[in-house]
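Got your viewer open? Let's take a walk through this model, one selection at a time.

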2 protein chains.
Amino acid sequence: MLDLACRIGHCLVLSRRVVSRFSDLTREEVVDLWTTAHTIAPVLEKQFNGKSLTLAIQDGAQAGQTVPHVHVHIIPRIRGDFERNDEVYEALDKEGAGKRFDDEDRKARTPEEMKAEADVLRPLFQSTSLTIPEDEA
Amino acid sequence: MLDLACRIGHCLVLSRRVVSRFSDLTREEVVDLWTTAHTIAPVLEKQFNGKSLTLAIQDGAQAGQTVPHVHVHIIPRIRGDFERNDEVYEALDKEGAGKRFDDEDRKARTPEEMKAEADVLRPLFQSTSLTIPEDEA
């Protein structure tokens, strides 16, 4: 779960192998990346009371990518969460620039807070093929 | 290739089965959708002189989806193609509203023009597992 998230529940799914472009992935890695996103997405949507999801890859610098490691943004959406629907992407760009979107004064969460969040999320994936390892929580 | 494209080369990859949400797809359909996008994307980027790609699913109405049939937007990007990077998504929303983005006076392409475009693109996919059928060109 992102600490620099543009919305609560905003999550990234990364390829295990560090490559910058979607086309750098093998077919097997594409399958792994997107079947993982497919498993995670509805759980996040439900948990964070979303009604829709934005799923996006900013594939290269000219598309707004700031970290050269392929990743899928999963963002639970509710009606009116942004004044204009596509402001979600402005928020993504601000996140890439290291800025916080929704509260300039918000402090970074502590490791304890992040562990507590992982403890809430872990059971939600027990019925799936995914697990959140204890040592990565 | 989209006639209401927000940028030249803007393409949609649709699931064969008509369902509205990404989570409605089976695992096999997710694999089919995204391995197809993975095959198409670099070919479009090269053909349309892109330097990056935007890949996105607007998964549900609150995420800007206007047609309830799962589809991946693939948009070749070049530096400065939009004044602000994320204007690409405003363009997507305008497209959804049936508006043309880059030229209000642009006329819809004729079937002949679309066939000519398909004729250019078809050979580009001959080295892939994909084909553009003649009867759908």
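Start by selecting A:Asn49, which sits in the loop between α1 (27-47) and β2 (52-59) of chain A. This is a predicted model, so keep in mind that you are looking at computed coordinates. Look at the backbone here: phi of A:Asn49 is near 55 degrees, a positive value in a residue other than glycine. Most residues other than glycine have a negative phi. Is A:Asn49 buried or exposed? With a relative accessible area of 57%, A:Asn49 is exposed, because exposed begins over 50%.

Now hop over to chain B and pick B:Asn49. You'll find B:Asn49 in the loop between α1 and β2 (52-59) of that chain. What is the phi of B:Asn49? It is about 60 degrees, again positive although B:Asn49 is not a glycine. B:Asn49 has 58% relative accessibility, so it counts as exposed.

Next, show both chains and look at where they meet. On chain B, 37 residues are in contact with 37 residues of chain A. About 3,100 Å² is buried between the two chains, and carbon and sulfur atoms give 54% of that area. Want three residues to colour in? Try B:His38, B:Gln62 and B:Tyr89: they supply 22% of the area that chain B buries against chain A, more than any other three residues.

Time to go looking for a hole. How many cavities of 30 Å³ or more does a search of the whole structure find? Just one turns up, and its volume is about 30 Å³. To see its walls, select A:Arg21, A:Phe22, A:Ser23 and A:Asp59 from chain A, then add B:Ala41, B:Pro42, B:Glu45 and B:Leu53 from chain B. Which element gives the most to this lining? That's helix α1 (residues 27-47) of chain B, with three residues. Colour the lining by class and you get four nonpolar residues, one polar residue and three charged ones.

Last stop: the cysteines. Select A:Cys11, which has 11% relative accessibility and therefore counts as buried, since the limit is under 20%. Then try B:Cys11: its relative accessible area is 10%, so B:Cys11 is buried too. A disulfide is a covalent bond between the sulfur atoms of two cysteines. How many disulfides does the structure hold over all chains? The count is zero, so don't spend time hunting for one.

Key
Residues are numbered from 1 along each chain as its sequence is written. Chains are lettered from A and ligands numbered from 1 in the order in which they are written. This is a predicted model: local features need pLDDT of at least 70, side-chain atom pairs count only at pLDDT 80 or more; totals for chains, interfaces and linings use all residues. Side-chain values use heavy atoms; hydrogens and water are left out. On a 1 Å grid over the protein atoms alone, a cavity is a set of points where a 1.4 Å probe fits but cannot get out, and a pocket is an open set with protein on both sides within 12 Å along at least five of seven lines; lining residues have an atom within 4 Å of a point. Grid points are joined across faces, edges and corners, and a volume is the space filled by probe spheres set on the points. Helices (H or I, at least four residues) and strands (E, at least two) are DSSP runs, numbered from the N terminus. Ala, Val, Leu, Ile, Met, Phe, Trp, Tyr, Cys and Pro count as nonpolar, Asp, Glu, Lys and Arg as charged, and the others, Gly among them, as polar. A disulfide is a pair of cysteine sulfur atoms within 2.5 Å. Buried means under 20% relative accessible area, exposed over 50%, partly exposed in between (1.4 Å probe, protein chains only). Contact means heavy atoms within 4.5 Å. Buried area is the accessible area (1.4 Å probe) that two parts lose on being put together, summed over both.
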